[in-house]
Amino acid sequence: MPTMNLTVDELRELARTIRHDVLTAINMAKSGHPGGPLSAADYLTALWMNYLSVNPKNPFWPERDRFVLSNGHCSALNYALMAHRGFFNRGYLLTFRSLDSRLQGHPSRTSLPGIEVSSGSLGQGLSAAHGMALGARMRGKPQITVFCNCGDGELQEGNIWEAIMHAAHRHTDNLVCAVDWNNAQIDGYVENVKGIAPLPDKFSAFGWRVIEADGHDMDAVTAAWDLAVGGTPSRGKGCGQPTVILFKTVMMKGTPTFENIPGWHGRPPKDDELMVMLKELGYKYATPEEARAAMGAREYGGWEGNDGK
Amino acid sequence: MASKIEYLNGVLPSSEWKMKLTREAYGEMLVELGRVNENIVVLDADLAESTYTKFFRAEFPERFVECGIAEQDMMNTAGGLSTMGFIPFLSSYAIFLTGRAWDQARNTVDYSRLNVKIAAAHGGISVGQDGCSHQSMEDLSNMLSLVNMTVMVPADYWETRKMMEWIPTHEGPLYFRLGREKVPTVTSEATPFTPYHTLPVIGGGDGVFISTGLMTSRAVQAAEMLAEEGVFSRVLHVPMLKPLNVDEICAAARECGAVVTMEEHSIYGGLGSLICRVLAENDVRVPVRVVAIPDMYLMSGPPEELLGRAALTGENGAERMREVLGVR
């Protein structure tokens, strides 16, 4: 299945739109986590549009790549990326976190086709992603690549390191993990709450191939993804190691007034704050309703089946 | 007098029981299933010798995933494998699978409704000498509260084999509990396992023992003791606690007029709790006694003596039945 193959400029512009949608949806819900989605928006936009081989019109296509959002609180970003990849209508993002919406507060496999596994309880996604990658290999399909996104604070969870150890032990090279290395978590800066340094050395010592990149420089981002998938069997011979990309990022990136403030981990913007954020992203709206209107009708418009069981 | 007892469904009188391991039946059946179903994969967490997944490991090393001492990782790795169309069976001890890895079982496996089969060895307190840290009297409660989870407890070796034949045809998360010790073969090769139903073990109308797992053998012993006194109690074995066949439970209670439940689990949240709620909500107003592990941690000791310490015995079952029947 072809990816969208956007240019770097197109990716930059789309990441801006993604931020717009994330913030507007969270504001509408009066609930949600804007901080992580804005720090991961650039590199995950690049992944979803240009690297992830999926079929939005058939979310259960067996040969697809898999994406697991291990830090499930960044769900608004996951949903916005899916909408812009064509899984469902963009306007449906405005139902985020409302009763009976498929867009649960944290991703739910049984609610939304295209979510590979439910997440939200931190530290679990990488093990599940590794199980998928192993399963692809056991099926004789190592060309299926499994991508997993983790928060840096999430790396404080013990289960993560069990998965890191396991994937290296099995040389699971169709597994690629991205870490949103924004140094911010609910209670403050990661280095103060419970430091995870030296992160590159830790992954290296555990047997992973480590790539570091500026998570907001789209040239660097695409170069990092190219390097990462270049080591997977999907591009020929696998490198024999799982790969991690440590994306250096800034929480709330794109909204300078609010950047790098850990308090924005899980606080929804009020209307006036949303207007400042959208203005700083370059949108000239008079009211939040104008931002919502720009996103279109709120009908789902996606896959209705329940092949996820 | 005991000769008047009506043993049903191929169930044997206690004089004919042999002692066999449920976990060995599990290990044997994994291999048999693996030979005919290439989707069967098995995971273990450094206990393959003990859980008997070693048989599968020997024959299908390419479908065996050793996870090391990392039950949380194992639970979710199994979840991931299931999304690729495999039927993962994962094994460790009940306390670790349903304790340490409960969050993974709940949030990844059960909430996602993944097709993962959790085979928990060393359920209950009959683990014995290893002591409290390795005993599990909370696992059924932990698993019964998971929305999509099917929960089963086989009585013995033969029923474990029968359950294993059926499990791959079941879609969704499933938990079943095995023991450490050899337990009596109450059932025989001829005994059916019928999913979603209870198993009538002994006929009778003077109260009913409703039991699960190892304790079904104690319920049969209790019924045999009472028969010597001219009291013929029914024994209904519950291999599947969730979903529970409420109609069969209520009918038996109504027909027999008194209930004694028997399980190797805490008084909180296991079979006894379940039966009491079901009877109450269905207006089945019969006296009930619950034979289960009282609110206490057990200790090291020979399994039979531990079961005695918790009063998980045929004698206690019989005494509770006399109590509810008013025949003491």
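Reader: Which residue in S12(B) is the bridge partner of B:Val151?

Author: In S12(B), that partner is B:Lys242. The model is a predicted one, in which local features need pLDDT of at least 70 and side-chain atom pairs count only at pLDDT 80 or more, whereas totals for chains, interfaces and linings use all residues. Residues are numbered from 1 along each chain as its sequence is written, while chains are lettered from A and ligands numbered from 1 in the order in which they are written.

Reader: What makes S6(B) and S12(B) a pair, and in which sense do they run?

Author: Two bridges join S6(B) to S12(B), and the two strands run antiparallel. Two strands pair if DSSP finds at least two bridges between them, so the two bridges here meet that requirement. The strands themselves are DSSP runs (E, at least two residues; helices are H or I, at least four), numbered from the N terminus.

Reader: How many bridges does S6(B) share with S7(B)?

Author: Strand S6 (residues 150–152) of chain B pairs with S7(B) over three bridges, in the parallel sense, and B:Val151 has B:Tyr175 as its bridge partner in S7(B). S7(B) is also joined by four bridges to strand S5 (residues 117–121) of chain B, which runs parallel to it; here B:Lys117 has B:Leu174 as its partner.

Reader: Why are S3 and S12 of chain B said to stand at the edges?

Author: The open sheet has seven strands in the order S3-S2-S4-S5-S7-S6-S12 of chain B, with mixed pairing. Strand S3 (64–66) and strand S12 (240–242) each have a single partner strand, so one side of each is left without a neighbour in the sheet. From one strand to the next, the twist averages 20°.

Reader: What is meant by saying that both faces of S7(B) are covered?

Author: On one side of strand S7 (residues 174–177) of chain B, B:Leu174 and B:Phe176 are buried, and on the other side B:Tyr175 and B:Arg177 are buried too. A residue counts as buried if 20 or more other C-beta atoms, placed from the backbone, lie within 10 Å of its own (exposed: 12 or fewer; partly exposed: in between). The two sides arise because side chains in a regular strand alternate between the two faces of the sheet.

Reader: Why is H8(B) called largely enclosed?

Author: Eight of the ten residues of helix H8 (residues 157–166) of chain B are buried, so the helix is largely enclosed by the rest of the structure. Among these buried residues are B:Tyr157, B:Trp158 and B:Met163. Their cover includes strand S1 (19–21), helix H1 (22–36), S6 and S7 of chain B.

Reader: Why is S3(A) described in such terms as well?

Author: Seven of the seven residues of strand S3 (residues 175–181) of chain A are buried, so this strand is largely enclosed by the rest of the structure. A:Leu175, A:Cys177, A:Val179 and A:Trp181 lie on one side, and A:Val176, A:Ala178 and A:Asp180 on the other. Six bridges join S3(A) to strand S2 (residues 146–151) of chain A, the two running parallel, with A:Cys148 partnered by A:Cys177.

Reader: Which strands stand at the edges of the five-strand sheet of chain B, and why?

Author: This open sheet, also of mixed pairing, follows the order S9-S11-S10-S13-S14. Strand S9 (199–202) and strand S14 (288–293) are its edges, because each has a single partner strand and so lacks a neighbour on one side. The twist here averages 25° from one strand to the next. S9(B) pairs with strand S11 (residues 234–237) of chain B over three antiparallel bridges, with B:Ile202 opposite B:Val235.

Reader: Why are H2(A) and H8(A) called oblique to each other?

Author: Helix H2 (residues 35–50) and helix H8 (residues 218–230) of chain A pack at an angle of about 50°, with their axes 9 Å apart. Angles under 35 degrees count as roughly parallel, over 145 as roughly antiparallel, 65 to 115 as roughly perpendicular and the rest as oblique, so about 50° makes these helices oblique. Such angles run from 0 to 180 degrees between N-to-C directions, and axes are lines fitted to C-alpha atoms, for helices over the stretch in contact. A:Asp42, A:Tyr43, A:Ala46, A:Leu47 and A:Asn50 in H2(A) meet A:Met218, A:Val221, A:Thr222 and A:Trp225 in H8(A), where contact requires C-beta atoms, placed from the backbone, within 7 Å.

Methods:
Two residues are in contact if their C-beta atoms, placed from the backbone, lie within 7 Å.
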